[in-house]
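The following exercises ask the reader to characterise a protein chain from its coordinates. Each task is followed by a solution in steps.

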Amino acid sequence: MDDSTTSAQTLTEHTLAEQKRILIEWLNGEFSNLKHIFEHGPVGGYPPILMRQATINLGTEKALWVQQSSLVTPTDSYREHLYRFRINERNHTIIQDIYLLPDDFNGEWFFDEIGISPQLEQLEGCSITWRAEGNMMHGNRDGRFCAFKDELNRVVSISSQLNLHPYQLEVVDTAVADDGEPLLGDVDGNALVLERIRFFHAEITFLPAGADARSDNEWVEAIPEGPMHDHDQRVALLNAEDELFLGHDIQLIGNAKNADELILRIYRQTEDEPVFSANMEYLGAGQWRANAERLRVELRLAESVIDVLPR
């Protein structure tokens with residue numbers, strides 16, 4: 001996604017209703033810190049995480065269902081929230097209220113008769129206040145009001161500072177116990193940087209040594225060992241017929257500010273330099289292609305990581 005929504009005017013020039021719509025649009029999607037880890041190292045001890053944020057309807061109201069997991073186990077969510085958004089006309093801000101989902105949640109978000117499900121519990125005092133600043137949104141959570149008792153019966157306060165762009169979310173969370181012990185956050189105050197991550201369906205074929213490129217029957221199908229995404233991770237290639245390793249990895253490098261741009265690289269598994277690298281041709285409609293003398297790769301954008309997981 002790009003920032004075309006605000007190309008003609010800055011966010012501060014939009015109405016609050018438009019700012020709310022843009023805020024939900026920018027938060028919607030799948031995000032990960034993996035690319036930032038590769039480029040800058042881990043921040044605050046966070047492993048590679050996946051944040052899946054999907055728009056849902058509560059009557060006529062747009063909300064977000066948020067699931068956080070490890071990137072390597074995307075369906076095993078360890079944190080699930082519902083985000084609701086309301087406008088504060090007096091302060092010219094947007095308030096993001098946060099609700100917890102119980103383990104036995106029945107999936108019914110909203111009822112016409114009573115409104116939001118009584119199964120959902122709002123985190124009182126922990127709402128985030130969003131304010132437009134130029135062409136970004138800045139969020140704040142005040143730890144003086146967001147406090148609760150942990151499993152050791154200590155009062156824990158959480159403060160947050162957030163910067164949101166169309167392609168990136170920066171989060172600085174700080175959690176402190178009532179005895180002064182820091183429980184969460186980077187010691188140097190560095191942000192957890194989450195960028196949009198895209199997953200792809202892939203059709204990959206290669207030509208073995210000595211085979212005739214003119215014969216389609218001699219091209220061999222390869223499959224990635226795991227989900228393919230655009231956050232720079234190398235993924236081993238397997239022979240589709242017997243699922244044996246082919247001794248090569250595939251890598252996709254995306255550009256968060258230019259959604260059409262994708263770089264494809266192929267490596268021998270024991271080497272750091274690619275044996276093949278190319279800018280993929282964007283065909284439109286979420287499809288890319290790269291062909292070489294002995295390699296053909298076609299990619300199609302998936303709606304979610306769920307779509308590329310084994311059935």
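**Exercise 1. Confidence and overall build**

In this predicted model, pLDDT stays under 50 over residues 1-7, a segment for which the model has 19 contacts beyond four places in sequence.

Task: State what average pLDDT the chain has, and describe its secondary structure and extent.

Solution.
1. The average pLDDT of the chain is 93, and 97% of the residues score at least 70.
2. The chain contains two helices and 25 strands.
3. Along the principal axes, the C-alpha atoms fill a box of roughly 70 × 45 × 40 Å.
4. Of the 311 residues in the chain, 43% are buried.
5. Taking the contacts with a separation of 6 or more, 44% are between residues 24 or more positions apart.

**Exercise 2. The disulfide**

Task: Identify which cysteines the disulfide joins, determine its handedness, and decide whether Cys126 is buried or exposed.

Solution.
1. The structure holds one disulfide. The partners are Cys126 and Cys146, with an S to S distance of 2.0 Å.
2. The two cysteines are 20 residues apart and link distant parts of the chain. Cys126 sits in the loop between strand S8 (121-122) and strand S9 (128-133), and Cys146 in the loop between strand S10 (136-141) and strand S11 (147-149).
3. The torsion about the S-S bond of Cys126 and Cys146 is about 90°, so the disulfide is right-handed.
4. Residues count as buried under 20% relative accessible area. Cys126 has 4% relative accessibility and is therefore buried.
5. Cys146, at 2% relative accessibility, counts as buried by this criterion.

**Exercise 3. Positive phi outside glycine**

Task: For His92 and Glu243, give the sign and value of phi, locate each residue, and classify its exposure.

Solution.
1. His92 is not a glycine, yet its phi is positive, about 55°.
2. His92 belongs to the loop between strand S4 (79-88) and strand S5 (93-100).
3. The relative accessibility of His92 is 42%, so this residue counts as partly exposed.
4. Glu243, likewise not a glycine, has a positive phi of about 60°.
5. Glu243 lies in the loop between strand S19 (231-239) and strand S20 (245-254).
6. The exposed class begins over 50% relative accessible area. Glu243 has 51% and is therefore exposed.

**Exercise 4. The two largest pockets**

Task: Describe the volume of each pocket, the residues nearest its centre, and the strands and residue classes of its lining.

Solution.
1. The largest pocket has a volume of about 790 Å³. Its lining comprises 30 residues, and Gln68, Arg79, His81, Arg141 and Asp173 lie nearest the centre.
2. At least two lining residues come from each of several strands, including strand S2 (49-58), strand S3 (61-70), strand S12 (155-164) and strand S13 (168-177). S4 gives the most to this lining, with four residues.
3. Sorted by class, the lining of the largest pocket has 22 nonpolar, four polar and four charged residues.
4. The second largest pocket has a volume of about 610 Å³. It is lined by 31 residues, of which Gly29, Glu30, Arg196, Ile197 and Arg198 are the closest to its centre.
5. Strand S1 (29-32), S2, S3 and S15 each supply at least two residues of the lining of the second largest pocket, and S2 gives the most, with three residues.
6. The class count for the lining of the second largest pocket is 12 nonpolar, nine polar and 10 charged residues.

**Exercise 5. Enclosed space**

Task: Determine how many cavities of 30 Å³ or more there are, and analyse the lining of the largest cavity.

Solution.
1. The count comes to three cavities of 30 Å³ or more.
2. The largest cavity has a volume of about 50 Å³.
3. Among the residues lining the largest cavity are Val43, Gly44, Tyr46, Asp186, Asn190 and Leu192. Val171, Val172 and Asp173 also belong to this lining.
4. S13 gives the most to the lining of the largest cavity, with three residues.
5. By class, this lining has five nonpolar, three polar and two charged residues.
6. Asp173 can be traced across two solutions: Asp173 lines the largest cavity and is one of the residues nearest the centre of the largest pocket.

Definitions and conventions:
Residues are numbered from 1 along each chain as its sequence is written. This is a predicted model: local features need pLDDT of at least 70, side-chain atom pairs count only at pLDDT 80 or more; totals for chains, interfaces and linings use all residues. Side-chain values use heavy atoms; hydrogens and water are left out. pLDDT is the predictor's confidence in each residue, from 0 to 100. Contact means heavy atoms within 4.5 Å. A disulfide is a pair of cysteine sulfur atoms within 2.5 Å. Buried means under 20% relative accessible area, exposed over 50%, partly exposed in between (1.4 Å probe, protein chains only). On a 1 Å grid over the protein atoms alone, a cavity is a set of points where a 1.4 Å probe fits but cannot get out, and a pocket is an open set with protein on both sides within 12 Å along at least five of seven lines; lining residues have an atom within 4 Å of a point. Grid points are joined across faces, edges and corners, and a volume is the space filled by probe spheres set on the points. Ala, Val, Leu, Ile, Met, Phe, Trp, Tyr, Cys and Pro count as nonpolar, Asp, Glu, Lys and Arg as charged, and the others, Gly among them, as polar.
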